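Here is a guided walk through a protein model, meant to be read with the viewer open. Please load the coordinates, and we will go from one spot outwards.

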Amino acid sequence: MADQSAQLSRRAVFRGALGVAVLGAGAGAALAGCGAAEKPGVTTGPYGVAVWAITYRGTIHPDQRDRGPARAGWPAAGYDVAAGVDFVPHLAEHAPVDLDGQRTVLLGHSAGGHLATWAASRSQLEEDQVGAHPTVKPLGCVSMAGVYDLIPAHQARDYVSAATAGHDPAELSVVANADHNSWTVPDHPAWSVARGHVLELVGL
């Protein structure tokens, strides 16, 4: 079992909602202990949404896999994200502010967006699959430049088309003059769009 880090940002008087942020690929080691929850927390906190930022074991170069299975990508990343989300009820019970663990939205950027989307659908997993038996059923997921099939021009549109064809609610937001990393900049219009989706999902 590898160590996992997570941070709670509560920069406001909260009304009970919680956003679980799944960090992008490679961000875990760089941001652990360095305010990983602060970027989204600064702009969602005043609206009444705390942010619980979790890390996970990302993919590594094949030449490094001899360092042991704890450093491998999948299924380790899935176990880490599932554990971080499943910790929400405990967090809500013991947090220094009033949080409702069932009033939760997942959000993530890049590979974190992919994992957040996966985590939001865990209730549909088979009995023996990684991440089965979630303790939290999120209200929804906001994926910012999520990596689904590595075809940037089409991946988001393809995902939304597949979801709506399966009668799952999904919406695509396209922001002009935004690149892959714009979604992580608090004062960029792209983040304002993502924050708006989070607030809508939690009913604020």
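Leaving aside its neighbours within four places in sequence, which residues is S110 in contact with? In this predicted model, the partners of S110 beyond that window are M144, A145, G146, V147 and H180. S110 itself sits in the loop between β4 and α5. Its relative accessibility is 14%, so it counts as buried, the limit being under 20%.

One of those partners deserves a look of its own. A145 belongs to the loop between β5 and α6. Its phi is near 50 degrees, a positive value in a residue other than glycine. At 23% relative accessibility, A145 counts as partly exposed. You can find a positive phi again at H167, where the angle is near 65 degrees, and this residue too is something other than glycine. H167 is placed in the loop between α6 and α7 (189–201), and with a relative accessible area of 73% it is exposed.

Now let us step back to the whole chain. The protein chain contains seven helices and five strands, and if you read along the sequence they come in the pattern β-β-α-α-β-α-α-β-α-β-α-α. Of the 204 residues in the chain, 44% are buried. If you take the contacts between residues at least 6 apart in sequence, 75% of them join residues at least 24 apart.

How far does the predictor trust this picture? The mean pLDDT of the protein chain is 77, and 71% of the residues reach 70 or more. Confidence is lowest in helix α1 (residues 27–31), where the mean is 39, and highest in α3, where it is 91. Over residues 26–37 the pLDDT stays under 50, and for this stretch the model has 19 contacts beyond four places in sequence.

With that in mind, α3 is a good place to continue. Why can helix α3 (residues 76–86) be called largely enclosed by the rest of the structure? Eight of its 11 residues are buried, so the rest of the structure largely encloses the helix. The buried ones are A76, A77, G78, D80, V81, A82, G84 and V85. Their cover includes the strands β2 (17–22), β3 (49–54) and β4 (104–109), together with the helices α4 (88–94) and α5 (111–120).

Helix α5 tells a similar story from its own side. Seven of the 10 residues of α5 are buried, so this helix is also largely enclosed by the rest of the structure. G112, G113, L115, A116, T117, W118 and A119 are the buried residues here. They pack against β2, α3, β4, β5 (140–144) and α6 (155–165).

How do these two helices meet? Two packed helices are described by the angle between their axes and the distance between the axes. For α3 and α5, the angle is about 65 degrees and the axes are 10 Å apart. The crossing of α3 past α5 is right-handed. On the α3 side the contact is made by A77, G78, V81, A82 and V85, and on the α5 side by L115, W118 and A119. Sorted by class, this contact has seven nonpolar residues, one polar residue and no charged ones.

That takes us to the nonpolar interior. In soluble globular proteins, nonpolar side chains tend to be buried together. The largest nonpolar core here has 23 residues, of which L18, V20, V22, W52, I54, V81 and V85 touch the most other members. At least two residues of this core come from each of β2, β3, α3, α4 and α5. A second core lies apart from it, with 17 residues, including V49, A53, W183 and W191. To trace one member of the largest core, select V22: beyond four places in sequence, V22 is in contact with I54, Y56, V81, L107, G108, H109, G112, L115 and A116.

Finally, turn to α4, which holds H90. H90 counts as partly exposed, at 39% relative accessibility. Measuring from C-alpha to C-alpha in your viewer, you should find H90 and G101 8.3 Å apart in space, while in sequence they are 11 residues apart.

Notes: Residues are numbered from 1 along each chain as its sequence is written. This is a predicted model: local features need pLDDT of at least 70, side-chain atom pairs count only at pLDDT 80 or more; totals for chains, interfaces and linings use all residues. Side-chain values use heavy atoms; hydrogens and water are left out. Buried means under 20% relative accessible area, exposed over 50%, partly exposed in between (1.4 Å probe, protein chains only). Helices (H or I, at least four residues) and strands (E, at least two) are DSSP runs, numbered from the N terminus. Contact means heavy atoms within 4.5 Å. Axes are lines fitted to C-alpha atoms, for helices over the stretch in contact, and angles run from 0 to 180 degrees between N-to-C directions. A crossing is left-handed if the near helix is turned anticlockwise from the far one by less than a right angle, and right-handed if clockwise. Ala, Val, Leu, Ile, Met, Phe, Trp, Tyr, Cys and Pro count as nonpolar, Asp, Glu, Lys and Arg as charged, and the others, Gly among them, as polar. pLDDT is the predictor's confidence in each residue, from 0 to 100. A nonpolar core is a set of buried Ala, Val, Leu, Ile, Met, Phe, Trp, Tyr and Cys residues joined through side-chain atoms within 4.5 Å.
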